[in-house]
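The following exercises ask the reader to characterise interfaces and buried elements from atomic coordinates. Each task is followed by a solution in steps.

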Amino acid sequence: MPKYRLRYAKFGPARFASHLDLGRALGRALRRAGLPVAYSQGFHPLPKMAFGPPLPVGVESEAEFVDITFTEELAAGEISRRLNAALPKGLAVTGVLKLPPKAPSLMSLIDRFTYVFLFTFSPEDTGAWEKEKTGAFLADLWQKEELPVVRKKKDGKQGGEKRVNLRPFWYDYNFSFIEQGLLQVAIDVAYGPRGTMRPDELLPFFPPAWRLQKVIRAQAWSRGEPVLPVAVHRGQTEGV
Amino acid sequence: MYNAYEPLFDRVRKPGRYTGGELNAVVKDWEKAKVRVALAFPDLYEVGLSHLGLRLLYHRINDQEGFLAERVYAPAEDMEEELRAAGLPLFSLETRRSLAAFDLLGFSLQYELSYVNILNMMALAGIPLRREERDAAGTGFPLVAGGGPGSFNPEPLAEFFDFFLLGDGEDAILEILAVMAAAKEKGKSRAELKKDLMAVPGVYLPEFYRVEYLPSGAVAVITPESGAPPVIQKRVIPDLDRAYLPEKDLVPWLEIVHDRLALEIMRGCTRGCRFCQAGMIYRPVRERTGKLIEGHLAKLLENTGYEELSLTSLSSADHSEIAELAGRLVACYTPEVAISLPSLRLDAFSPELAARLQGGKKSTLTVAPEAGTDRLRRVINKNLTDEEIIAMARTAFGGGWQRLKLYFMIGLPTEDQEDLEGIVALARRVYEIGREFHGGRARVTVSVANFVPKPHTPFQWRPQAGLEEIREKQEFLRRRLAGAGRGLAFSWHEAELSFLEGVFARGDRRLGAVLAEAFRLGCRFDAWPDKFRWDLWQEAFAATGLDPAFYTTRPRPREEVLPWSHLSAGLSTDFLWEENRRAEEGIPTPDCRDRHCTGCGVCMVFDLPFPPAKRTRAGGGKDA
Ligand code: SF4
């Protein structure tokens with residue numbers, strides 16, 4: 001049965017939806033759209049969907065992915081059109097690609113994410129943080145060999161903790177001022193079996209004067225190439 | 001939308017409880033609305049949004065031009081702390097406005113142990129709790145109203161509320177809003193508006209009723225004033241097929257308690273269980289026809305995409321077309337959409353269909369004997385015999401189910417040791433049958449609730465079992481069921497919770513002081529056993545000098561003026577008293593849909609044909 005890879009954005013009211021919430025929301029949207037999605041067997045069949053790496057709750061994203069199996073061939077444009085008409089506010093399909101048989105899974109494909117942090121400043125700090133000082137601060141942070149955080153162990157029954165160095169998971173960065181007092185910092189983060197970091201783990205290392213407005217997962221990468229980039233796939237890709 | 005609440009969302013658990021933006025949520029133009037309503041549920045989002053009635057009213061109001069409804073649920077403790085720390089008012093989900101900005105704040109009164117949350121929600125929005133304080137403040141604050149079963153004795157809330165609506169709300173709410181719109185347009189005062197509301201049938205304004213008490217503490221007399229009607233009659237939608245039904249429904253992001261599409265296929269129940277308040281106050285029985293249900297479900301599924309739908313009512317298996325209807329729905333929608341029936345009777349369906357409706361044979365099947373012996377079941381008019389229950393268990397286990405839940409109550413009128421022994425014997429017997437079929441995999445859960453006498457039922461005069469008695473009975477059952485086998489589990493309700501529920505269920509206006517004090521002491525979410533603070537409640541009773549036993553363990557004589565005697569569910573008091581007497585003698589009263597009218601009176605009051613909607617299936621059957 002044909003399988004399609006969908007790229008979608010998650011924002012606004014959807015940003016607090018957990019991975020499970022999202023699965024339900026998408027399953028319901030597929031049914032509303034009347035798309036011929038394939039179901040698993042059994043008493044409680046579930047739509048055949050495989051999501052990419054989970055997004056931390058509260059973070060918006062322009063680079064989410066899900067592979068969906070349908071029972072029949074459909075034009076990529078039709079999938080995105082019908083699904084977008086049915087999705088709740090906060091979810092939007094931005095690209096669809098038909099997958100060749102045996103295509104690698106999203107989890108094995110994605111090895112890097114770009115997170116964009118948007119910061120503002122209090123009126124008294126706005127002037128102080130200009131390009132040079134910001135650049136110097138980030139360069140300094142980049143030079144560090146240790147960025148230690150303490151993680152709670154997931155299923156540690158006794159609530160165990162673990163010290164982790166974030167620095168090896170930080171691949172790249174750049175920054176710009178969208179306007180005076182509105183700073184955008186893009187951070188590239190490793191993803192994969194050797195580990196990753198959540199965007200919020202980095203926040204304590206930024207100056208207290210920087211006020212976080214939002215974090216966006218802006219791009220997902222596989223071996224240096226963006227995964228299903230929006231520009232190429234908006235609607236017209238079929239049977240790649 | 002980065003408003004003042006956004007930073008709070010990042011810090012609380014399950015922010016989706018507060019952010020709104022669900023599919024099919026309605027955000028109307030605030031400025032264009034003549035009357036703005038905040039529909040409030042005094043429990044968490046997951047509980048409140050699961051409630052069908054409020055969803056219905058939400059769409060009912062928003063479907064009308066000029067009216068607007070938004071929603072609000074009780075904030076969890078973490079959100080309450082954040083709101084207090086930030087100095088921000090409790091807000092609506094749709095446009096994040098303070099509850100104080102609305103014209104009407106309407107609470108759903110589903111259970112007594114949510115009443116303190118009501119006070120908390122008002123306080124968090126800066127709305128004065130007491131009606132008189134709001135009146136004194138002029139026209140600025142919303143009218144505070146209530147609806148749902150709690151309206152049939154809202155007296156403990158009387159000093160906080162402006163009005164209550166008794167009975168079906170679909171049409172009444174629009175009449176209320178029309179009166180409010182007209183008053184607003186004409187610039188009428190709050191007092192004038194309330195006089196106007198008095199003319200809407202079903203609307204009860206407690207301030208127009210003076211209550212005097214006897215030295216014993218019982219009510220002496222309830223006197224209507226300023227031309228208020230002596231009795232408030234509940235509202236009844238006579239024909240459900242012509243009643244309002246929205247064609248879309250909210251689809252939440254979060255997983256809620258009843259996370260499925262629900263359609264009410266029938267309202268009311270005439271089985272006449274003497275302990276059951278819902279079975280009394282929602283009479284008479286009215287059905288939606290199968291055809292209408294099917295057509296409507298198709299639209300709702302198209303607009304929501306839900307993966308499960310539930311045909312709800314007090315006893316869905318009693319719907320006269322249920323087997324055919326369920327069969328057609330199963331054929332049409334399963335397995336992608338699951339179909340469930342809240343009260344299943346195995347004898348009414350083929351085993352395959354029953355399994356489908358029950359979510360598979362892996363699920364737990366519930367049978368509700370309610371009491372331990374045939375005798376006590378005749379007392380409460382739950383006319384099932386031990387033999388029938390055992391036969392049902394045999395059918396269930398034999399049909400492939402491995403898990404059975406037996407639902408009982410303790411503290412019922414006339415209950416004695418033999419009845420408790422009966423629970424044990426029945427549970428053991430059912431468990432044995434389970435083992436016959438499934439060996440060590442058989443599971444039987446004995447769930448035991450504590451009986452709470454409710455207003456407008458034949459047992460409204462009966463004493464409630466005291467704390468000690470309940471604890472002893474629970475202890476007895478625990479001891480006797482403990483050694484009966486690994487697969488036999490016993491679960492019970494906290495005695496104190498049921499006791500407090502009983503206080504407010506049959507309480508009077510003086511209990512408002514206890515509510516206010518408990519709120520001040522920090523009680524919240526009393527229906528949640530892990531949040532319930534019996535110590536604080538005892539302190540609240542002590543501080544106000546009221547004795548909880550007066551409202552619970554005391555038998556009430558026939559002549560006593562009950563605090564709700566000016567509020568009518570359409571049932572004749574003579575009928576209720578006669579049912580109470582028959583209970584004493586263990587005489588069953590048949591379902592009026594099976595035979596003839598048994599004289600509760602509701603059909604006469606509302607000028608409806610009776611007996612209502614006769615069941616067509618032969619035999620009537622027994623319920624589970
Ligand atoms: S009035 Fe008679 S027929 Fe109507 S609900 Fe009551 S008992 Fe049944």
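The exercises below concern a predicted model, and they proceed from the contact between chains to single elements of chain B.

**Exercise 1. Describe the interface of chain A and chain B by its contacts, its buried area and its salt bridges.**

Step 1. Count the residues in contact: chain A contributes 23 residues, and these meet 29 residues of chain B.

Step 2. Evaluate the area. About 2,200 Å² is buried between the two chains, and carbon and sulfur atoms give 57% of that area. On the side of chain A, A:Phe16, A:Arg28 and A:Phe43 together supply 31% of the area buried against chain B, more than any other three residues.

Step 3. List the polar interactions. The rule finds seven salt bridges across this interface. A salt bridge links B:Glu255 to A:Arg24, with the closest N and O atoms 3.5 Å apart. The number of residue pairs in polar contact between the chains, both at pLDDT 80 or more, is nine.

Step 4. Assign the residues of chain A to elements. Helix H1 (19–33) and strand S10 (211–222) of chain A each supply at least two residues to the side that touches chain B. H1(A) gives the most, with six residues.

Step 5. Sort the side of chain A that touches chain B by class: 11 residues are nonpolar, three are polar and nine are charged.

**Exercise 2. Determine how domain 1 and domain 2 of chain B are placed and how they meet.**

Step 1. Fix the bounds. Domain 1 of chain B covers 6–233, whereas domain 2 of chain B consists of 240–506 + 562–605.

Step 2. Find the separation of the centres, which is 30 Å when taken over C-alpha atoms.

Step 3. Examine the contact. Here 44 residues of domain 1 of chain B touch 45 residues of domain 2 of chain B. The buried area amounts to about 3,700 Å², with 63% from carbon and sulfur atoms. In domain 1 of chain B, the residues that lose the most area to domain 2 are B:Arg55, B:Glu112 and B:Phe152, together 18% of what that side buries.

Step 4. Turn to charges and polar pairs. Five salt bridges are found across the interface of the two domains. B:Glu112 also forms a salt bridge with B:Lys454, where the closest N and O atoms are 3.3 Å apart. Between the domains there are 24 residue pairs in polar contact, both at pLDDT 80 or more.

Step 5. Identify the elements on the side of domain 1 that touches domain 2 of chain B. Those giving two or more residues include helix H2 (16–19), helix H3 (45–48) and strand S8 (219–224) of chain B. H4(B) gives the most, with six residues. By class, this side of domain 1 has 23 nonpolar, nine polar and 12 charged residues.

**Exercise 3. Establish how many residues of helix H18 of chain B are buried, and what covers them.**

Step 1. Helix H18 comprises residues 495–505 of chain B, and 10 of its 11 residues are buried. Among them are B:Glu496, B:Phe499 and B:Phe504.

Step 2. The cover of these buried residues includes helix H6 (115–124), strand S17 (443–450) and helix H17 (467–482) of chain B.

**Exercise 4. Decide whether B:Arg131 is buried or exposed.**

Step 1. Locate B:Arg131 in helix H7 (residues 131–136) of chain B.

Step 2. Its relative accessibility is 8%, so B:Arg131 counts as buried, the cut-off being under 20%.

Step 3. Inspect the surroundings. Leaving aside residues up to four places away in sequence, B:Arg131 touches residues including B:Glu159, B:Asp162, B:Lys194 and B:Glu207.

How values were computed
Residues numbered from 1 in each chain as written. Chains lettered and ligands numbered in written order. Predicted model: local features only at pLDDT ≥ 70, side-chain atom pairs only at ≥ 80, totals over all residues. Heavy atoms only, no water. Buried < 20%, exposed > 50% of the residue type's maximum accessible area, 1.4 Å probe, protein only. Helix = DSSP H or I, 4+ residues; strand = E, 2+ residues; numbered from the N terminus. Contact = heavy atoms within 4.5 Å. Domains from an automatic or database assignment. Buried area = accessible area lost by both parts, 1.4 Å probe. Salt bridge = Lys/Arg side-chain N within 4 Å of Asp/Glu carboxyl O. Polar contact = N/O pair within 3.5 Å; in protein donor to acceptor, adjacent residues only side chain to side chain. Nonpolar A, V, L, I, M, F, W, Y, C, P; charged D, E, K, R; others polar.
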